[in-house]
Amino acid sequence: MPATHHQYDLVIAANRLPVDRVVAADGSVSWGRSPGGLVTAMDSVMRERDGAWVGWAGEVGQAPEPFTEGTIHLRPVPLSAEEVRDYYEGFSNDTLWPIYHDVIVQASFHRDWWRSYERVNQRFAEAVAEVAAPGATVWVHDYQLQLVPRMVRQLRPDVRIGWFDHIPFPPVELFAQLPWRRALLEGLLGADFLGFQRVADARNFVRACRQLLRAPTRKDTVTVTAPDGSSHTARASAIPISIDFQGLESLAKTPEVASRAAELREQLGSPKVLMLGVDRLDYTKGIRHRLKAYEELLRDGAIAPPDVTFVQVATPSRERVDSYRELRSQVEHTVGRINGEYAPIGSPAVYYQHHSYPQDEMAALYLAADVMLVTPLRDGMNLVAKEYVTARHDLGGALVLSEFTGAYHELHQAFVCNPHDIEGLKQTILKAIHTPDKDKVRIMRALRRRVSDHDVARWAARFLDALASAPARPERQEQQDRVDEASRTARHAGEDLKEREDRHRRLSERRR
Ligand code: G6P
């Protein structure tokens, strides 16, 4: 559809649009679904609403024209090659990402990256200001856009602004390492309401505001005083994200997915136990720890192919960032070693897939897997864990879940592990394999109930309700007062008119 200059009552800003534009070597263009949990969740939320989504289309250089997909107006934001390097790969994914994930790898600090981050955040804010209707709700997402709330506030004091953090918010001791810590907090405090995955994340944020900005805080609120002396409060609470339970469950119930699941098991040599891992190829996901535990179980003779096999789907991610390159080569080296050492010809011990799959294939894999390994060292939520239990409408399967995921705080009945404790992880994997089916059914039922009662629609409604009830800001209150005054005047004018008409009617009746 052609570009429109329409304005929207709901505007989303996220680094990525829900679709990615891919230009092949021969120049042909195709659109695919963008990676990551944010898009998985927000795509289904926005499909139900009439709103705009401001984001990057995933390619370097000029952005495509705005277009409409279903009910969503997509407003692409361009990134130059330098900005992809400095704002996206650099500051977002080589500075913030490691700091926000417990510094599993060293973070890099570069002033050029920061300047690029500021510039790109400003561009996002301007795009938001353009498409937001008067008094609109603006919902900013994730660590790539932490300056956007304040920048939008400066451009459009009339809108209501929320921010949701899809990843952990670090303890102040780690956050404090960032040379730009004050600017980041001030950027976020442009929002009226801030949502986090866990109570601990919200607390970390409030504590950082108290210690690093000396801002007065009370429970979940931070008071912000502007240079002109005016002040407002921003609220920070935990609202854990979820998935479209009904949508995925119905997909998993289709005969096509069921027969594909059976076919997959056959293609994998009909193992007694099929284990599965599904992750972006990211060092936060604990893939190396998982492989180490699996390799030791093979070495100990506790498990062996072809009775047991393991499929690891590792979606390519941030491939030009050094730490991701290193991880890829370590993982691929380990997979090669494990297969070389322990797999007889024709029965691999690990099937390693370095690409992403469409949703129906994922649903079939979930249905086929007896044990799902979700072992991150740190993860804001981990929607794969929620997807797995959602797909298991047959109440089969077992979820091994790291206690360092946001999902653990909702799915604690799972087979819980500490991925750093390799011995413990091995025992948990064996427990997940050997627990009697009737107990696994009971566990799976409880896990599924949690996700079905707390699906993505409920998450979005909770966030938007919290944002709608955030206290009005002075500047917005002034604007609201002006609107009220105008409607009062109009009402009075209407009343005057009515009075005049009545008088006129009475007079003409008397004349008759
Ligand atoms: C995580 C982040 C998202 C990000 C996604 C994929 O889920 O929270 O903001 O979009 O990873 O990462 P990428 O760098 O490919 O966008």
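The exercises below, each with a worked solution, concern a predicted model.

**Exercise 1. The ligand shell**

Determine how many residues surround the ligand, how they divide by class, and how much of the ligand the protein covers.

Solution.

Step 1. Begin with the count: the ligand is surrounded by 14 residues. The closest of them are Arg16, Tyr88, Asp142, Gln144 and Arg318.

Step 2. Sort the shell by class. It comprises 5 nonpolar, 5 polar and 4 charged residues.

Step 3. Examine individual atom pairs, with polar contacts taken as N or O atoms within 3.5 Å. Arg16 places a polar side-chain atom 2.6 Å from an oxygen atom of the ligand. For Asp142, a polar side-chain atom is likewise found 2.6 Å from a ligand oxygen atom. A polar side-chain atom of Arg280 lies 3.5 Å from an oxygen atom of the ligand.

Step 4. Turn to the cover. On its own the ligand has 370 Å² of accessible area, and the protein covers 93% of this.

Step 5. Assign the shell to secondary structure. The elements that contribute two or more residues are α1 (37-47) and α2 (81-100).

**Exercise 2. The edges of the sheet**

Establish the strand order of the open sheet of 10 strands, and explain why one side of β5 and of β10 is without a neighbour.

Solution.

Step 1. Write the order: β5-β6-β4-β1-β7-β8-β9-β12-β11-β10, with mixed pairing.

Step 2. Read off the ends. β5 (67-69) and β10 (217-218) stand at the edges, and each has a single partner strand, so one side of each has no neighbour in the sheet.

Step 3. Follow the sheet from the β10 edge. β10 pairs with β11 (residues 221-225) in the antiparallel sense over 2 bridges, and Arg218 has Thr221 as its bridge partner in β11. These two strands form a hairpin with 2 residues between them, and Lys219 in the turn has a positive phi of about 50°.

Step 4. Continue to the next pair. β11 and β12 run antiparallel and are joined by 5 bridges. Thr221 has Arg235 as its bridge partner in β12. This hairpin has 5 residues between its strands, and Gly229 in the turn shows a positive phi of about 90°.

Step 5. Compare the sense of the following pair. β9 (residues 193-196) and β12 (residues 231-238) pair in the parallel sense over 4 bridges. Here Leu194 stands opposite Ala236 in β12.

**Exercise 3. The cavities**

State how many cavities of 30 Å³ or more the structure holds, and identify which helix gives the most to the lining of the largest cavity.

Solution.

Step 1. Count: there are 2 such cavities.

Step 2. Take the largest cavity, whose volume is about 60 Å³. The residues that line it are Ile239, Pro240, Glu410, Arg450, His454, Asp455, Arg458, Trp459 and Arg462. By class, this lining has 3 nonpolar, 1 polar and 5 charged residues.

Step 3. Assign the lining. Helix α16 (residues 456-468) gives the most, with 3 residues.

Step 4. Repeat the analysis for the second largest cavity, which contains about 40 Å³ of space. Its lining consists of Asp282, Tyr283, Gly286, Ile287, Arg288, His289, Leu327 and Leu377. These divide into 4 nonpolar, 2 polar and 2 charged residues. Helix α10 (residues 287-300) gives the most to this lining, with 3 residues.

**Exercise 4. Backbone exceptions**

Locate the cis peptide bond from Pro305 to Pro306 and the positive phi of Asn382 within the secondary structure.

Solution.

Step 1. Recall the background: most residues other than glycine have a negative phi, and most peptide bonds are trans.

Step 2. Consider the peptide bond. From Pro305 to Pro306 the bond is cis, with omega near 10°. Pro306 belongs to the loop between α10 and β14 (308-315).

Step 3. Consider phi. Asn382 is not a glycine, yet its phi is positive, at about 85°. Asn382 is located in the loop between β16 (371-374) and α13 (383-391).

Terms used: Residues numbered from 1 in each chain as written. Predicted model: local features only at pLDDT ≥ 70, side-chain atom pairs only at ≥ 80, totals over all residues. Heavy atoms only, no water. Near = heavy atom within 4 Å. Polar contact = N/O pair within 3.5 Å; in protein donor to acceptor, adjacent residues only side chain to side chain. Areas by Shrake-Rupley, 256 points an atom, 1.4 Å probe, with all protein chains shown as cover. Nonpolar A, V, L, I, M, F, W, Y, C, P; charged D, E, K, R; others polar. Pairing = 2+ DSSP bridges. 1 Å grid on protein atoms, 1.4 Å probe; cavity = no way out; pocket = protein on both sides within 12 Å on 5 of 7 lines; lining within 4 Å. Points joined across faces, edges and corners; volume = space filled by probe spheres on them.
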